[in-house]
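Visitor: I am new to this structure. Could you show it to me and explain the terms as we go?
Guide: Gladly, here it is.

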Amino acid sequence: MKNGIFAIINVGASALRMQISEFSDYKERTLEYLIKPLKLGRDTFSKGYITLDNVHNATEILGNFSDKFKEYNIKNNYKAICTSSVRDAENKYFFIDHVRIKTGIKLEIIDETEELFIKSLGVRNDIKDFPEMEKKGLLFVNLASGNIGLNVIKNDLRLFSAALPFGSLRICELFKDVNEDLKYRAYEQYIHKMHHHIKNTCRKIDSIKYLVGSGSSINLIIEVMKPSNFSIDKHSLKRLYDKTKRLTTSEIAEQLNINSYYAEILKPTLYVYLSLINLVKTDVIYFSKQNFPHQMALYYTKNIKEKKLNRKFIINIKNYALRYETDEKHANQVAKFSKKIFNKLKSLHSLSSKDLLILEAAALLHDVGYFIGINNHHEHSYYIARAFSMPGFDAETIETISTIVLFHRDKYHLTFDSRFNSLPIEKKLLIRKLIALLKIADALDASHMQLIRDIDIDTNSDGITLTAKADRKPFFEEITFYRKNRDFLEIYGIPINFKLDLLNV
Amino acid sequence: MSDHLVFNNRELSWLSFNKRVILQAVDENVPLLEKLKFLAISSSNLDEFFMVRVGGLLDHIAAGYTEKDLSGLTSSQQLKEISAECHNLTSIQSKLYYDLKQRCAEEKIYIEAPIQKNFEWIESLFHEEIFPVISPVTLGPANPFPFLANLRLCILVKIKQNDKIYDSLIMIPEMLDRVYNLKKNGRSYYYTVEQIIITFLATIYKGYEIIDSFVFRITRNADLSLQDEEVEDLLILIEKYLDKRQKSNAVRLEVNKPLPQDLKRKFYEFFNITDSHIYELNHPLDLTFLFDISENNEKYYYPGFDPVLPDDVKFKDLFDYLKTKDLTLYRPYHDFGLIGNFVQQAADDRNVLSIKMTLYRANENSKIIESLAKAAKNGKHVCVVIELKARFDEERNVEWAKRLENAGCIVTYGFMNLKVHAKALLIVRKENGKIQRYVHLSTGNYNEKTAGLYTDIDYLTTDNQITEETVNLFNYLMGYSDIYKWKLSENTEQKITTAPNSLREKLMELIDEEIKNARKGKKGHIIAKINSLYDKEITLKLYEAASAGVKIELIVRGICSLKPQVKGLSENITVKSIVGRFLEHPRILYFLSSGSHRVFISTADWMVRNMDRRVELLTEIEDKESKKFLRKLLQDNLKDRAKSWYMKDDKYFKLNQKNNPGYNYQEEYLTDINNIL
């Protein structure tokens, strides 16, 4: 956003927050920042749903926030985002609907990866050395009340990315009935599981040199430890933990002069950071004081974005595919042909560049399932593709990619599958359009021998002619092509024909 | 050192303030009828003191509360000293009353004038207006005292018929005027209603012989609750026993002449009142009637004045002005109307998005309230934080609150257990597509009427940090946001500090800094102009600072728990109290702070209730010109002689001589504030 006023509402696990930002020439100025404590997370993490009382409390607070919309004439220039406490609640749709009816505010739920992405973008925008750290190896942590988001990056490659249920309030709720004196031991055992997970899934974690923390937990640590610069060292963290682990919540509140909520979540917060710092090769945690609403305000107004995000995405997809020992040459060949067909037929399909990215990713991943077994490899490819996540790409995009991967095989017809039928009509159309292209591209390297070096595409009155350039006649490719080109006719209404152009003959 | 040597008692300290008010009546600089007003004010102050403070102490005794106060006195010891001091005050009042009466007579203004002079006029007045509405009740075993309302004037008449003596009671109806005035041949005669009734007792009691009559009234324990600010400190102590309070109990009996023993006994019995609470005056009761002595002659009054504005702000658009510089004004010398006009201008301004303000005590027909309602009707976002618990103002407040709500303002009523004393106004305007904010902070209420009687600071600014902190303050007050730990700014040192959260701490830090500097051999200096100081922690801190070598100059109008100029305790501390034409009301603080000369304005007195049970503001003023203005103001307050009382230990005295009153800062400011500040 170049000029104007934009509002962010964040329904978090421990508080509702609102930020109103004014942009002039892309410069942000925070006009107002509101915060009202409300522990929705306590409901969701212990009961699984938001109690009616708290639905009403939240609605009342949001109703007040909506006064600000009128004050600044904000209209639709806002994003109202819910994180884990709503995302994980059984009655989330009721909650969202109730809020909309009572206040007019349209809440949206964002998934963990997007949350993590926005936070890392925000922190990158704030910490000067962040790109350098990403090169040398960085564990980026977003410890919030509900979840912990983790991102391990080295040389632009994400080695690990996950959102795990180790948020500080969630941990407290899990062990709320444990005797106060022994709680720290319960926390330690549980957090050990997280440590174990990361260590086993991210083998290169011990080569990571930087740890950057973010999320509401950082405010607590700053409040208690009052670091003079934007970092905390391991030893003072450990000292503080040892000093407080056997204290009760009220003793902590009194001794450290913090509120009782902060006092309650202090132990799990400290121990999570301690166990993370033990995983990596550093003694220091860096942090940024930026808050989430602020980061969202910048993100949703497109005033911060990740540079070369799409390129990084493809690199990460390729890297992911290699982990499953995919046939790299074939995958690259199919990706190359898919892109070419897509670009040549733009006027026919009128899809966007984001859709091209989806197609390319699907092409790279379509055969990863062979890693599991040769039979039904599309099914295996499907779930492997679905397990991919990358900040900046929401779950819906990944789902689209995996669906295309699932149906890339000819014999498997999508109309019989509920995973396809349950999709909205626009999505179905998009997927079918892309599958038609992928199938042709896949056919062009059916033998996995890269016999076809390149292709050309012409449109004439009879339909579309695809000219394959090869130095040998690709028998299998041509047969496969005519088996797989039916989808194309069905969806685009134009036949596509194969023509061979033998090079060097 | 024992407590009474370290702290002054709150009640006695207040009584000594009231004495300074009474003594305005002997100040030669005060015009004649203004002197009468000071007597009237002191009388109404005392009434309230009995209803509230004495009532509260009696509640302590009824609740069995025996703890000692700051000065080491139990509640009953305090009552004993209060009684002695009040008896003393009433004799001063008497003397002054008769002096002034004489002075008035010399000016042909006759108060309690001889009836004979205008007998015919009075007689018809009595028959036409008074007699028809009075109904005497004869008291007897079957007919005991009826319930006598608080502060209602009554006459007890001893009458005789057939050798039998009766007591009869006349409750003077409230509908009657207290004073009747007749102007004739360049003379002015004033008669009190009781004077007229007594004259015609024989008419009222036809067939009876009038033996004697006594004018009296009962003061009752006001039916106050914890929410009432003048008494909450007393009631909090006995919170658990509050249901045991004997509401509406008699706390004082005043009678216009000595009572015979038999009558006294009757009063003891009936009103359950002890000797020390009986005041046998020898002047008319309830001197507030002196407010009604009014003559059409300027020489009897303070000269009128027109409040002014600084030259550079006249004829200038205030929005434009404030974007270039801050503006500091001093009421009543400067025109508070500017603020009303500012709100009005904002209400009509197309670009104004919102107006937010606190309203604690507004006057009737307030222009500001009209403007706010209008702004809301014009589609602006108007938020008003109203404090309803302001004592005795409740009904008036509710009425205008409703008017604002009906106009579409968002009205909130502050907090359950926290009164909002903060005075702030925020105007948000969109200028060239950007948000621009204007803030007005004040030490006084948004009340156009008292703005002419109280001195107060008005500070207007567009300072980024102050406006941002004010935005947060309103979000907090409106319940939109909980400022974390009440911090108004995240990173930098706040310019606005709030009570009850951190104002006390901040004050301590500021004093501590002076102490630290003094101990290092640097200079330490504090000047504070406040209304009251009654707080153990702050008092002790000031003693500590004084003994560390910090120079402390306090200008405390009223209650002061600190004892200045006591050897070994507070030699470095001076306390003065300015009592003059205008009620001194602003709180302005100065700290030398290693030469950075920090200046603050505040809404908070240095009392427990203001520090711990109110939303109050302490604002640092960094604007150079405003700082200069406020520092000069403090210096002139210190320089004042004419209206200043200097304190030593617990006694106040004046330094000026009768023939040379010395510098009178209020008068000087009235003449030419723009050239002084």
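**Where two chains touch**

Guide: Chain A and chain B each bring 14 residues to their contact, where residues count as touching if their C-beta atoms, placed from the backbone, lie within 7 Å. This is a predicted model, in which local features need pLDDT of at least 70, side-chain atom pairs count only at pLDDT 80 or more, and totals for chains, interfaces and linings use all residues. Residues are numbered from 1 along each chain as its sequence is written, with chains lettered from A and ligands numbered from 1 in the order written.

Visitor: Which element gives the most to chain A's side of that contact?
Guide: S3(A) does, with 6 residues. Strands are DSSP runs of E with at least two residues, helices are runs of H or I with at least four, and both are numbered from the N terminus.

Visitor: Why are H17(A) and H19(A) called oblique to each other?
Guide: Their axes, lines fitted to C-alpha atoms over the stretch in contact, cross at roughly 50° and come within 9 Å. Angles run from 0 to 180 degrees between N-to-C directions. Under 35 degrees counts as roughly parallel, over 145 as roughly antiparallel, 65 to 115 as roughly perpendicular and the rest as oblique. H17(A) and H19(A) are therefore oblique.

Visitor: Which residues meet there?
Guide: Among them, A:Ile358 and A:Leu365 in H17(A) meet residues of H19(A) including A:Ile401 and A:Val405.

Visitor: How is chain B divided?
Guide: Chain B has domain 1 (3–300), domain 2 (311–482) and domain 3 (497–676), with bounds from an automatic or database domain assignment.

Conventions
Contact = placed C-beta atoms within 7 Å.
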